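Me: Please take a close look at a single part of this model, the surroundings of the ligand. I should then like to see that part set against the rest of the chain, in one connected account.

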Amino acid sequence: MAAAAASSQSLPITVSNLVKAYGDLRVLDDVSIAIRPGEFMTLLGPSGSGKTTLLMALAGFVSPESGSIRFGEQEMITTSPHKRGVGMVFQSYALFPFMSVAENVAYPLKIRGVSPAEQKSRAEAALAMVKLGGYGGRRINQLSGGQKQRVALARAMVFEPRIILMDEPLSALDKKLREHMQIELKQLHQKLDATIVYVTHDQREALTMSDRIAVINKGRIAQLDEPKALYRRPNSLFVADFIGETVLLPVQRDGDDVSLQGRRLKLATPTPAGSGPLQLVIRPELLQLDGGGDDQTNTIAGVVRQTIYQGDSVLLIIDAGEGREVSVRIATNRAGQASLPDSGSQIALGLHRDDTVVLAEQAS
Ligand code: ADP
Ligand code: MG
């Protein structure tokens, strides 16, 4: 039928001032977010932060107290789920066990009244897209977890939706397969003309896959940025701590300046205003073992306490005095070695000005 066969064109999604409450709990607390057409947008946050609720509001399965959700120009808030035309993928696959693989994938076409011949050819094409060409005749229970999730993906995209929503689709898979599927999904997105909203609590997965990431905390958007900006310029201690491997070092406020171990720090950005406590955010891989001492590099003095071999890198635990601990990650070379200082030795770590982030502790 025309509606299902129409060639798709990805849509922007505009969420404005969305509020959802269960009793006294505001699960979505005035959420606004503008998702670009064709974008891979990830909602990232800890368990219970409201990610699934936001996704289900987009799908139409959760009705918000107030606010607006537009797909393109069209207001969706009162549109029923099956009329929103979105594809969905869940962690639990949600496949029909009594149908074949091909029947599962063709199902969205069947309920849209597409002819059996076209159902068959489009289901086959969708299965080929997820590298399951030739699997159409199998039963669902003959598939591995990764294959089942591919079938769920094929089913979500077979009717060429302009929007695809995914809720932790890879979290039931083991680590190796999950990382493989992350790359595959990213490649698949490049071939699809669809806006994808993807939910995960795994920060590395979010960094790997997304065009942009919305970090959610307690029903609010804490920061929305591209992966690199989020990693390098977190705007709060929550985001800094949630994304990547993070060491926080308390630093002293000194007028407009900041000092550590009695030395004034050279910073990339102005010191946060106010009088509250400040923390220096350190990524262990950005510290240099040679303190350098040039006018662009900060020096942090310490004593090596522990050296931990981790295959691709070595983690050094450094005592930076006053109970402060810093970790330093050094990539290993082709011989599987990094040239390292001995335990107990004094070292001067270097932190380039461009790699500094100083954030204020928030009153919570
Ligand atoms: P996430 O997907 O980020 O883990 P959810 O959106 O599932 O978080 O849930 C956010 C909060 O809303 C949690 O505190 C959860 O317990 C609560 N919640 C979700 N659904 C319901 C519901 N149907 N009734 C009551 N509370 C709910
Ligand atoms: Mg969830």
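Reply: Helices and strands are here DSSP runs numbered from the N terminus, a helix having at least four residues and a strand at least two. The model is a predicted one. Its chain has 9 helices and 19 strands.

The account begins at the ligand. The shell around ligand 1 is made up of Tyr22, Leu25, Val27, Pro46, Ser47, Gly48, Ser49, Gly50, Lys51, Thr52 and Thr53. By class, these residues divide into 4 nonpolar, 6 polar and 1 charged. Oxygen atoms of the ligand have polar partners in both backbone and side chain. On the backbone side, an N or O atom of Gly48 lies 2.7 Å from an oxygen atom of ligand 1, and an N or O atom of Gly50 lies 3.0 Å from one. On the side-chain side, an N or O atom of Lys51 is 2.8 Å from an oxygen atom of ligand 1. Taken on its own, ligand 1 has 570 Å² of accessible area, of which the protein covers 57%. Two elements, strand E2 (25-35) and helix H2 (51-59), give two or more residues to this shell. H2 gives the most, with 3 residues.

Helix H2 therefore merits a description of its own. Of its 9 residues, 8 are buried, where buried means a relative accessible area under 20%, with protein chains alone counted as cover. The buried set consists of Lys51, Thr53, Leu54, Leu55, Met56, Ala57, Leu58 and Ala59. Lys51 thus appears both among the buried residues of H2 and as a side-chain partner of a ligand oxygen. Thr53, also buried, belongs to the ligand shell as well. Just after the helix, Gly60 takes a positive phi of about 100°.

The other contributing element, strand E2, contains Asp30. The phi of Asp30 is positive, near 65°, although the residue is not a glycine. Most residues other than glycine have a negative phi. Asp30 has a relative accessible area of 43%, so it counts as partly exposed.

A comparable backbone feature occurs after helix H4. Lys131, which follows H4, lies in the loop between H4 and helix H5 (145-157). Its phi is positive, about 60°, and Lys131 is likewise not a glycine. Because its relative accessible area is 53%, Lys131 counts as exposed.

H4 itself offers a contrast to H2 in the arrangement of its buried residues. The 14 residues of H4 (residues 116-129) should span 20 Å at 1.5 Å a residue, and this agrees with the 20 Å between its end C-alpha atoms. Gln119, Arg122, Ala123, Ala126 and Leu127 are the buried residues of H4. Viewed down the helix axis, they fall within an arc of 140°, so they line one face of H4. An α-helix has 3.6 residues a turn, so residues three or four places apart point the same way. The face of H4 turned away from the buried side carries Ala117 and Lys120, both exposed.

Two further sites complete the picture. Ser210 is located in the loop between helix H7 (203-209) and strand E9 (212-217). With a relative accessibility of 6%, Ser210 counts as buried. Its side chain makes a polar contact of 2.6 Å with the side chain of Thr42. A polar atom of the Ser210 side chain also lies 2.6 Å from the backbone oxygen of Ala206. The second site is Arg70, in strand E4 (residues 66-71). Arg70 is partly exposed, at 28% relative accessibility. Its C-alpha atom is 5.6 Å from that of Ile13, although the two residues are 57 residues apart along the chain.

As to the whole, the chain has 364 residues, of which 48% count as buried. Along the principal axes, its C-alpha atoms fill a box of roughly 75 × 50 × 35 Å. Within that frame, the part requested is the shell to which strand E2 and helix H2 each give two or more residues, with Gly48, Gly50 and Lys51 supplying the polar atoms described above.

Key: Residues numbered from 1 in each chain as written. Chains lettered and ligands numbered in written order. Predicted model: local features only at pLDDT ≥ 70, side-chain atom pairs only at ≥ 80, totals over all residues. Heavy atoms only, no water. Near = heavy atom within 4 Å. Polar contact = N/O pair within 3.5 Å; in protein donor to acceptor, adjacent residues only side chain to side chain. Areas by Shrake-Rupley, 256 points an atom, 1.4 Å probe, with all protein chains shown as cover. Nonpolar A, V, L, I, M, F, W, Y, C, P; charged D, E, K, R; others polar. Expected span 1.5 Å × (residues − 1). Buried < 20%, exposed > 50% of the residue type's maximum accessible area, 1.4 Å probe, protein only. Arc of directions from axis to C-beta.
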